Amino acid sequence: MAEDLQDIRQQALSQISLLSSPDEIEEARVKYLGRKSALTLFLRTLGSMDPATRSQMGAAANQVKNDIEQSIAQREQELSESLYAGLENDRVDMTLPAADDRLGHLHPITRTWMLIEDIFQRIGFEVASGPEVEWDKYNFELLNMPKEHPARDTQDTFYLTGEILLRTQTSPVQIRHMESHTPPVRIIAPGRVYRRDYDMTHTPMFHQFEGLVVAEGITLQDLKGTCSYAMKNLLGEATNVRFRPHHFPFTEPSLEVDVSCNICQGQGCRTCKQTGWLEMAGAGMVHPQVLRNVGYDPEKVSGFAFGFGIDRIAMMRYGISDLRMMFENDMRFLKQF
Ligand code: DAH
């Protein structure tokens, strides 16, 4: 009989130490101490024992009952402590500042590029594009710059083979577009271009956007109006635009487009080298030979073209003085926009 009691005790204590939730504790209380528990059943048999055994077994049974109760209480205490510890670890300090989940944003050049497309699409221009790895023929020859032409010197070129190069300008898109379309055409062609150059205002890769309009009766006045419209929209209504005679092999006459310096408002400063003006683009009336090269008849149609630097415009819009910063991907720089 004493062994039965020890079995009951042993079994109960070993199971109680494994209990892992308040519900299981309650179940165990019923199982080991309840009316149908082995212990209770044992206590009921006490009455049929002789008095000496009864008092001995009664005391032993009470001891077992106490041990089980104590063990349950202890387990209950342990459990509540570990639950509390879990909650403590998960605690959120409501006074902490929120995590810095800063969103990314578009690069200043991308933003300027998109704005340029928008400004020209508003006046009926389409957006065209061409490859960055280009044939010599499209980058130079059909633009009236045959091999040995001195103007090639001004565009220090990355050649991949004798005939294939990284385009030095977006002008080859003019040729490609005219070859595959009949007039009237009205496009801009933004894109990357490459030259062997590196200083504060030059990087080996930079961005241009080309403009081309060819139709019957296009004049220099159309070119001037379009450039003024674009510059005022990009740099502010107060921007002044002026045109200076220049030379490009693929236009005749050719011009350069200047805008009033938006840093000194035309008063003269370091950025504009005290002139009050900043050079923004080359432009001109498409050379009759270029029209002929793509199968257009210069007796029937005329056109104008221009090539602007996108980076230059972005630098002016955002007040950046060193072009190289645009391409270093330094987060301290980029985060400012
Ligand atoms: N492609 C010239 C350059 O990169 C810029 C240019 C000049 C483009 C005159 C034109 C143009 O379309 O008509 O220096």
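Colleague: Which residues do ring pairs link into a cluster?

Modeller: This is a predicted model. In it, ring pairs join F120, F125, F209, F304, F306 and F308. The structure holds 10 aromatic pairs.

Colleague: Why is the pair of F120 and F306 called tilted?

Modeller: The ring planes of F120 and F306 stand at 35°. Stacked needs under 30 degrees, and edge-to-face needs over 60. The angle fits neither, so the pair is tilted. The centres are 5.8 Å apart, within the 6.5 Å limit for a pair. F120 sits in helix α5 and F306 in strand β9, 186 residues apart.

Colleague: What makes the pair of F306 and F308 edge-to-face?

Modeller: Their planes are at 75°, and the cut-off is over 60. The centres lie 5.4 Å apart.

Colleague: How do you know that F306 and F308 are buried?

Modeller: Buried means under 20% relative accessible area. F306 has 2%. F308 has 0%. Therefore both count as buried.

Colleague: What makes the approach of F306 to the ligand a polar contact?

Modeller: A polar backbone atom of F306 is 3.3 Å from a ligand oxygen. The limit is 3.5 Å, so the pair counts. The side chain of E210 has an N or O atom 2.6 Å from an oxygen atom of the ligand. For the side chain of S171, the distance to a ligand nitrogen is 3.0 Å. The protein buries 92% of the 360 Å² that the ligand exposes when taken alone.

Colleague: Why does R176 count as lying over the ring of Y138?

Modeller: R176 lies over the face of Y138, 4.3 Å from the ring centre. The distance limit is 6 Å, so R176 meets that part of the test.

Note on methods: Residues are numbered from 1 along each chain as its sequence is written. This is a predicted model: local features need pLDDT of at least 70, side-chain atom pairs count only at pLDDT 80 or more; totals for chains, interfaces and linings use all residues. Side-chain values use heavy atoms; hydrogens and water are left out. A polar contact is a pair of N or O atoms within 3.5 Å; within protein, one must be able to donate a hydrogen and the other to accept it, and residues adjacent in sequence count only if both atoms are side-chain atoms. Accessible areas come from the Shrake-Rupley method with a 1.4 Å probe; for residues, only the protein chains shown count as cover. Rings of Phe, Tyr and Trp (its six-membered ring) pair if their centres lie within 6.5 Å; planes under 30 degrees apart count as stacked, over 60 as edge-to-face and the rest as tilted. Helices (H or I, at least four residues) and strands (E, at least two) are DSSP runs, numbered from the N terminus. Buried means under 20% relative accessible area, exposed over 50%, partly exposed in between (1.4 Å probe, protein chains only). A charge sits over a ring if NZ of Lys or CZ of Arg is within 6 Å of the ring centre and within 35 degrees of the ring normal.
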